[in-house]
Amino acid sequence: MLGTRSSGAITLTDKASHFVFVLLDNFSLLSFASAVECLRIANRMSARTIFTWELQSEGGGMVSCSAGTTFATDAPLGELRREDTILICGGLDIQSATTKPLLNWLRREARRGLAIGGLCTASYTMARAGLLDGKRATIHWENQDSFSEAFEDVNLTKSVFTLDNGRMTTAGGTASIDLMLKLIADKQGEDLANSVADQLIYSSIRTDQDTQRLSVPTRIGVRHPKLSLVIQMMEQNIEEPISPAILARDVGMSTRQLERLFRRYLNRSPKRYYMELRLQKARNLLMQTDMSVINVALACGFSSPSHFSKCYRTQYNTTPYRERGSQSTRLPI
């Protein structure tokens, strides 16, 4: 069992900061373990108990992570101390894991003034509870499209993690480390946070100003400033696509030069590349949201459902309607 209130290795003290990890079904093991390890190492490096933690779940008992490993939790959801920090651990199929009892509990604890964070896809759970309205938040890049469509009142960012007035979110994976190092630094000083990072062999600590995805040049394997700029413009204008002529003009090129640039480095035309970006977003929305196929088409720049269906079939060898009915391939949200 990990460190708890009743653990012999960790004793809750008035000076210790206490974290309550709420494990949801199919939670991400990496996000959860990264956070807990930071607290454990901080205790070890400081040679005293400065952080304590416990595991809770909706019904108590056992909870399985997305890797299939089962964890015993310490207690069902209950009333906490106002100075406690809640960290919700999400992962796959977060919609199903976000239940009404969980949402009601979160809203109650939020009204009592507790700090609340979401690891990995648990940003969705926090948003469903209304805890992120008007606040900065982040979620894994794969889930950004569906999240932004579902929660218009949330200021969604592409940051590795966010902190906004007692609400914390992470992008998943090792972003938990960055958030916990920030919390450790705030509570116990940067020297301890740096010592924890050294123990983790974590040589590049990211801040909430760092973005989670690789830069365009790194992702496409090409370092050409004008090509990167055009791709950024495409990614930022999915719902209302920009013509190749305007894209070329905005970066100081002719349409023919832009065509040659895409052919040389990406082996496809600008129009084809743009279409693939739009269809990729459409696929995410189909698999992660309950938006109608028509609304998905409109959100991705297709004015005609029949044209959308034809393009989608060409790209993915299936129709949008069949994709929507394929439950076995659904993404985390």
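## Two helix crossings and two buried side chains

In this predicted model, helices α9 and α11 are roughly perpendicular to each other, because angles of 65 to 115 degrees fall in that class and the axes of α9 (residues 225–236) and α11 (residues 255–266) cross at roughly 95 degrees, coming within 11 Å. On the α9 side the contact is made by Leu227, Val230, Ile231 and Met234, while α11 contributes Leu258, Leu261, Phe262, Tyr265 and Leu266. By class, this contact holds 9 nonpolar residues, with no polar and no charged ones.

A second pair of helices can be read in the same terms. The axes of α12 (residues 270–288) and α14 (residues 305–316) come within 10 Å and cross at roughly 95 degrees, and α12 and α14 are therefore roughly perpendicular to each other. From α12, the residues Arg272, Met275, Glu276, Leu279, Gln280, Ala282, Arg283 and Leu286 meet Phe308, Cys311, Tyr312, Gln315 and Tyr316 of α14. What classes of residue make up the contact of α12 with α14? There are 8 nonpolar, 2 polar and 3 charged residues in the contact.

These helices belong to a chain with 15 helices and 11 strands, in which 50% of the 333 residues count as buried. Among the contacts with a separation of 6 or more, 65% are accounted for by residues 24 or more positions apart.

Two residues in loops show burial at the level of single side chains. Tyrosine 202 lies in the loop between α7 (190–199) and α8 (216–220), and this tyrosine counts as buried because its relative accessible area, 14%, falls under the 20% cut-off. Beyond its neighbours within four places in sequence, tyrosine 202 is in contact with Thr174, Ile177, Asp178, Leu181 and Ala197. One of these partners, aspartate 178, is 24 residues away from tyrosine 202 along the chain, and the C-alpha atoms of the two are separated by 9.5 Å.

Lysine 135, found in the loop between α4 (122–128) and β8 (136–137), carries a charged side chain and is nevertheless buried. Which side chain of opposite charge is nearest to lysine 135? That side chain belongs to aspartate 164, at 5.8 Å, and lysine 135 has no salt bridge. With neighbours within four places in sequence left aside, the contacts of lysine 135 are Asp153, Val154, Asn155, Asp164, Asn165 and Arg167, so that aspartate 164 appears among the contacts of the lysine although no salt bridge is present.

Methods: Residues are numbered from 1 along each chain as its sequence is written. This is a predicted model: local features need pLDDT of at least 70, side-chain atom pairs count only at pLDDT 80 or more; totals for chains, interfaces and linings use all residues. Side-chain values use heavy atoms; hydrogens and water are left out. Axes are lines fitted to C-alpha atoms, for helices over the stretch in contact, and angles run from 0 to 180 degrees between N-to-C directions. Helices (H or I, at least four residues) and strands (E, at least two) are DSSP runs, numbered from the N terminus. Angles under 35 degrees count as roughly parallel, over 145 as roughly antiparallel, 65 to 115 as roughly perpendicular and the rest as oblique. Contact means heavy atoms within 4.5 Å. Ala, Val, Leu, Ile, Met, Phe, Trp, Tyr, Cys and Pro count as nonpolar, Asp, Glu, Lys and Arg as charged, and the others, Gly among them, as polar. Buried means under 20% relative accessible area, exposed over 50%, partly exposed in between (1.4 Å probe, protein chains only). Lys and Arg count as positive and Asp and Glu as negative; His and the chain ends are not counted. A salt bridge is a side-chain nitrogen of Lys or Arg within 4 Å of a carboxyl oxygen of Asp or Glu.
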